[in-house]
Amino acid sequence: MIDRLSMWNRSQPHDRRERLFGGRGAVLVWSLCDVGPAPPFGAVLACELEAGGSVGAHVQQEFAEVVIVLEGEGVALIGAALRALQPGVVVELALGQTLALENTSPTRPLRYLIVKAKSDP
């Protein structure tokens, strides 16, 4: 079980994703569901985008999602609209929307949660 108070603990099982969707740098990803998320959720993830890193533009094809920024600073490109990222910002993404993320700090990670919602069949 992941200790929720230290969800970015590198000793906990996580994935390292390099140049995600054509971005730069790495994103560390921890699943916060021990067995799998309960419906109607598809995933609950803690993410850490390294300093100066980015996640390339990608379309929400399978799940609508909510991105909740917990630490750091950055910019989200949602379609053609830019949105500043800082702790407390919530970005809602419907199916079909495009998202790109950038960590604008040269020294600190951008930490955020992603909650993916399953669509009705």
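User: In what order do the six strands of the open sheet stand in this predicted model?

Analyst: The model is predicted. In it, six strands build an open sheet with antiparallel pairing. At its edges stand E1 and strand E8 (90–93), each of which pairs on one side only. Read across the sheet, the order is E1-E2-E3-E10-E5-E8.

User: By what angle are neighbouring strands of this sheet turned against each other on average?

Analyst: The sheet in question is the open one with the order E1-E2-E3-E10-E5-E8. Averaged over its neighbouring strands, with direction ignored, the turn of one strand against the other is 25°.

User: Which residue in E10 is the bridge partner of Ala64?

Analyst: Strand E5 (residues 64–71) and strand E10 (residues 110–117) run antiparallel and are joined by seven bridges. Ala64 belongs to this pairing, and its bridge partner in E10 is Ala117.

User: Which strands are the edge strands of the sheet formed by four strands?

Analyst: The four strands form an open sheet, paired antiparallel, in the order E4-E9-E6-E7. An edge strand pairs on one side only, and this holds for strand E4 (54–59) and strand E7 (81–85). From one strand to the next, the twist of this sheet averages 15°. The edge strands are therefore E4 and E7, because each pairs on one side only.

User: Which residue in E9 does Val59 stand opposite?

Analyst: E4 pairs with strand E9 (residues 98–103) in the antiparallel sense, over four bridges. Within E9, the residue opposite Val59 is Thr98.

User: Where is Arg19 found, and is it buried or exposed?

Analyst: Arg19 is found in the loop between strand E1 (15–18) and strand E2 (26–31). Its phi is near 50°, a positive value in a residue other than glycine. Most residues other than glycine have a negative phi. The relative accessible area of Arg19 is 55%, and because the class begins over 50%, Arg19 counts as exposed.

User: What is the approximate phi of Phe21?

Analyst: Phe21 has its place in the loop between E1 and E2. Although Phe21 is not a glycine, its phi is positive, at about 55°.

User: Which side chain makes a polar contact of 3.0 Å with the side chain of Arg24?

Analyst: Arg24 lies in the loop between E1 and E2 and counts as partly exposed, at 41% relative accessibility. Leaving aside residues up to four places away in sequence, Arg24 touches Arg19, Gly52, Gly53, Ser54 and Glu102. A polar atom of the Arg24 side chain lies 2.9 Å from the backbone oxygen of Gly52. The side chain joined to that of Arg24 by a polar contact of 3.0 Å is Glu102.

User: How many residues apart in sequence are Arg24 and Glu50, and what is their distance in space?

Analyst: The distance in space runs from C-alpha to C-alpha. Arg24 and Glu50 are 26 residues apart in sequence, and in space they are apart by 9.2 Å.

User: Is Ser105 buried or exposed?

Analyst: Ser105 is found in the loop between E9 and E10. With residues up to four places away in sequence not counted, Ser105 touches Ala51, Gly52 and Glu73. Its relative accessibility is 6%, and because the limit is under 20%, Ser105 counts as buried.

User: What is the distance from the backbone nitrogen of Arg108 to a polar atom of the Ser105 side chain?

Analyst: The residue that offers the side chain, Ser105, is in the loop between E9 and E10. From a polar atom of that side chain to the backbone nitrogen of Arg108, the distance is 2.9 Å.

Terms used
Residues numbered from 1 in each chain as written. Predicted model: local features only at pLDDT ≥ 70, side-chain atom pairs only at ≥ 80, totals over all residues. Heavy atoms only, no water. Helix = DSSP H or I, 4+ residues; strand = E, 2+ residues; numbered from the N terminus. Buried < 20%, exposed > 50% of the residue type's maximum accessible area, 1.4 Å probe, protein only. Pairing = 2+ DSSP bridges. Axes fitted to C-alpha atoms, helices over the stretch in contact; angles between N-to-C directions. Polar contact = N/O pair within 3.5 Å; in protein donor to acceptor, adjacent residues only side chain to side chain. Contact = heavy atoms within 4.5 Å.
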